[in-house]
Amino acid sequence: MKKRVLTGVTTTGIPHLGNYVGAIRPAIAAAANPDAESFLFLADYHGIIKCHDPEVIHASTQAVAATWLACGLDPERTTFYRQSDIPEVPELNWILTCITAKGLMNRAHAYKAAVQANLDAGQTDQDHGVEMGLYSYPILMSADILMFNAHEVPVGRDQIQHVEMTRDIAQRFNHRFKELFVLPEAKVDDNVELLVGLDGRKMSKSYGNTIPLFESEKKLQKAVNKIITNLKEPGEPKSPDESPLFDIYKAFATPAETAEFTQMLADGLAWGEAKKLLGAKLNAELAPKRERFHELTARPAQIEDILQAGAAKARKQARELLDQVRDAVGIRALR
Ligand code: ADP
Ligand code: TRP
């Protein structure tokens, strides 16, 4: 059996450097392996958890789809689809919900962060503003992964916990009903840290602190110029942990180039110069993809056709497994 690789990107905004190095680039590289079968998708049911603006969800769906394609996803080789086009996923989500421990969800970091924000704000109700979508979001992600029995899930470091929860849920199902699910593993690129955004928090579509992937070269450099640095003067030695700029550089460079960049900083490279080098590095990798992105964005109907073909392929596989899952829990025809 071929190794199955699967990952998704939430449709809540315009893809950024973190999405690219954390998930999109490694997933496309893994999909090119002839021994792998790949499932890459737009997580729009995840999108509506955090974003309640229909126009943003819609525009983001198009941007995320065009980004996958512009970055080299080949829809002939990869099953490329939109989560909401696969009704088997929410069906599996419910079955998994029925066997997931509430305590497991209490430990999910998105939920814990919301509780912490309430406590910090002096709220007496720690669940203030927390909706069930956010609370049970790791179950939906488990359904995404288990629906196609993925072995490997390329993700950024923030998602490792969710893949571990998926293993937990799969194990519980396998033990209680029938060995139907593969236990997936998160695949994290060793060279890639969780990139920090322009405000010092994790770079995220939800925080408005990103460096978007496909801005013009000029705007890209402008965003790079906003990366936080300290007040050290040109000529003063600098170390990699003094600015998020370094991890971004590292994610786009070879180890030898990173070593050279580290040395230049130690030798007193000015932050302004470091930003120019980073801008040029990013542009070299992104410029050809940016052009394809704009071509694709101009043809949404073509993207839709690709997604529909992907959904048909995905649903066929999903149905087969879901039928077995339903049977295993006792949901079957009366004859
Ligand atoms: P966002 O937080 O921007 O909405 P998503 O939740 O859609 O991002 O994440 C899609 C993929 O991108 C996930 O695999 C996630 O781990 C990865 N990712 C998101 N932000 C970063 C980041 N700042 N650095 C590295 N990877 C990231
Ligand atoms: N929850 C992921 C994120 O916010 C996106 C996602 C949804 C995903 N379903 C997935 C990633 C399944 C990998 C596998 O980043």
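This report describes the largest pocket of a predicted model and the surroundings of the two ligands placed in it.

## The largest pocket

The largest pocket holds about 1100 Å³ of space, and its lining is made up of 50 residues, with Lys50, Tyr137, Asp158, Gln159 and Lys202 lying nearest the centre. Sorted by class, this lining consists of 25 nonpolar, 16 polar and nine charged residues.

Several elements contribute at least two residues each to the lining of the largest pocket, namely β1, α1 (17-31), β2, α2 (44-50), α6 (109-120) and α8. Among these, α1 provides the largest share, with six residues.

## Ligand 1

Ligand 1 sits in the largest pocket, where 19 residues surround it and His16, Gly156, Asp158, Ser204 and Lys205 come nearest. Asp158 is thus named among the residues closest to ligand 1 and also among those nearest the centre of the pocket. By class, the shell around ligand 1 contains six nonpolar, nine polar and four charged residues.

Polar contacts to ligand 1 involve both side-chain and backbone atoms: an oxygen atom of the ligand lies 2.7 Å from an N or O atom in the side chain of Lys205, an oxygen atom of the ligand is 3.1 Å from an N or O atom in the side chain of Asn19, and a nitrogen atom of the ligand is 2.9 Å from a polar backbone atom of Leu195. On its own, ligand 1 exposes 530 Å², of which the protein buries 97%. The elements giving two or more residues to the shell around ligand 1 are β1 and α1, and α1 gives the most, with four residues.

## Ligand 2

Ligand 2 likewise sits in the largest pocket, and the shell around ligand 2 draws two or more residues from each of β1 (3-10), β2 (36-43) and α8 (137-147). There are 14 residues around this ligand, the closest being Thr10, Tyr137, Met141, Asp144 and Gln159. By class, eight of the shell residues are nonpolar, five are polar and one is charged.

Three of these closest residues also have polar side-chain atoms positioned towards contacts with ligand 2. An N or O atom in the side chain of Gln159 is 3.0 Å from an oxygen atom of the ligand, a polar side-chain atom of Tyr137 lies 3.1 Å from a nitrogen atom of the ligand, and an N or O atom in the side chain of Thr10 is 3.2 Å from an oxygen atom of the ligand. Of the 360 Å² of accessible area that ligand 2 has on its own, the protein covers 91%.

Key. Residues are numbered from 1 along each chain as its sequence is written. Chains are lettered from A and ligands numbered from 1 in the order in which they are written. This is a predicted model: local features need pLDDT of at least 70, side-chain atom pairs count only at pLDDT 80 or more; totals for chains, interfaces and linings use all residues. Side-chain values use heavy atoms; hydrogens and water are left out. A residue is near a molecule or strand if one of its heavy atoms lies within 4 Å of it. A polar contact is a pair of N or O atoms within 3.5 Å; within protein, one must be able to donate a hydrogen and the other to accept it, and residues adjacent in sequence count only if both atoms are side-chain atoms. Accessible areas come from the Shrake-Rupley method with a 1.4 Å probe; for residues, only the protein chains shown count as cover. On a 1 Å grid over the protein atoms alone, a cavity is a set of points where a 1.4 Å probe fits but cannot get out, and a pocket is an open set with protein on both sides within 12 Å along at least five of seven lines; lining residues have an atom within 4 Å of a point. A molecule sits in a cavity or pocket if more than half of its atoms lie within 2 Å of its grid points. Ala, Val, Leu, Ile, Met, Phe, Trp, Tyr, Cys and Pro count as nonpolar, Asp, Glu, Lys and Arg as charged, and the others, Gly among them, as polar. Grid points are joined across faces, edges and corners, and a volume is the space filled by probe spheres set on the points.
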